[in-house]
Amino acid sequence: MALSIRRVGPGFVGEVDGIDIRQPLGDADAAAIHAGMDEYAVLIFREQPMTADQQLAFTRALGPLEQSIGTSLRKPDEYRLPTTFADVSNLDIDDKPLARDDRRRLFAIGNRLWHSDSSFKATPAKYSLLHAIGITSTGGNTEFADMRAAYDALDDETKGRCDGLVCEHSQMYSRQQIGFVDLTEDEKQRFAPVRQTLVRTHPATGRKSLYLASHAGGIVGWPVPEARIFLRDLIEHATQRRFVHAHRWRVGDLVIWDNRQTMHRARPFPADEPRDMRRTTLAGDGPTARQAV
Ligand SMILES: [Fe+2]
């Protein structure tokens, strides 16, 4: 059966049929997935139970992996998964939900703010591939926002203001918004800001998109409060319901999103129930802006 993509929800989300991700990915299917990602930006694959190794093999068949080292507050000996995965579960190394006041959890729930994965790295992520192993009885949707449609809907004056701007991204800035400020010196060093362009142009389609995230805490050359208000207004604009799709997870779902063209956020779920989600990530092509020296 050939791979097919069906539009669901708003225009930027497609559901994929006719593929078993556990099987080696052929060139034609890989090309169809990339083309689908260029067109839609979010693709949903239902009923894809698979092992971690199968998820890795599928991801590698789509491009080079991004490693997840030092991006959470888990210490290296607390990693539940290899660094080829981002552990976005709420579980400790014994597969138990982290305590409500565990600082690793409190840092991690910053992903309930709108963001684009790894925008705090000089070379940010291309695709994220999130697989649901275990979900909670309620809550826990992931919401996606189409940053191409958001850019297109800006008035010309605002587009003109955005073009050419460079933002400073750090996980410290997103955590400041939720009052998580007690970082160690080592953590502050690890989370040093990087620069990202505010408007990205997609390499395949040529479409422009707003490259926003709650990690963005400044604009080069702007006073900080003015930059933060401007970025807050842009995020408010870009996350109007007409640009947003909520994905309700089922066990076995794999969802791929293009971080260059979308933002996303997790929604709340019961803290005492296990939620096991595994993310592999494709590395981006390179920096989006010249870094500070
Ligand atoms: Fe994320």
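Here are some questions and answers about the iron site and the largest cavity of this predicted model.

User: Which residues are the protein donors of the iron ion?
Analyst: Happy to start there! The donor atoms lie 2.1 to 2.2 Å from the iron ion, and along the chain they follow the spacing H-x1-D-x146-H. The two histidines each offer NE2 and the aspartate offers OD. The donors are His115, Asp117 and His264.

User: How many residues apart in sequence are the parts that aspartate 117 and histidine 264 tie together?
Analyst: Let's place each one. Aspartate 117 sits in the loop between α3 (103–108) and β5 (125–134), while histidine 264 belongs to strand β14 (residues 262–266). The pair therefore ties together parts whose separation in sequence is 147 residues.

User: Are aspartate 117 and histidine 264 buried or exposed?
Analyst: A residue counts as buried when its relative accessible area is under 20%. Aspartate 117 meets that description, and so does histidine 264. Both are buried.

User: How much space lies in the largest cavity?
Analyst: Good thing to ask! Searching the whole structure turns up one cavity of 30 Å³ or more. The space in the largest cavity is about 810 Å³.

User: Which element gives the largest share of the lining of the largest cavity?
Analyst: The lining has 45 residues, with Asp87, Val88, Ala108, Asn111 and Arg279 nearest the cavity's centre. By kind, the lining residues are 17 nonpolar, 15 polar and 13 charged. At least two residues each come from β4 (86–87), α3, α6 (171–177) and β14. The largest share, four residues, comes from α3.

Key:
Residues numbered from 1 in each chain as written. Predicted model: local features only at pLDDT ≥ 70, side-chain atom pairs only at ≥ 80, totals over all residues. Heavy atoms only, no water. Donors = N, O, S within 2.8 Å, 3.2 Å for Na, K, Ca; no water. Buried < 20%, exposed > 50% of the residue type's maximum accessible area, 1.4 Å probe, protein only. 1 Å grid on protein atoms, 1.4 Å probe; cavity = no way out; pocket = protein on both sides within 12 Å on 5 of 7 lines; lining within 4 Å. Points joined across faces, edges and corners; volume = space filled by probe spheres on them. Nonpolar A, V, L, I, M, F, W, Y, C, P; charged D, E, K, R; others polar.
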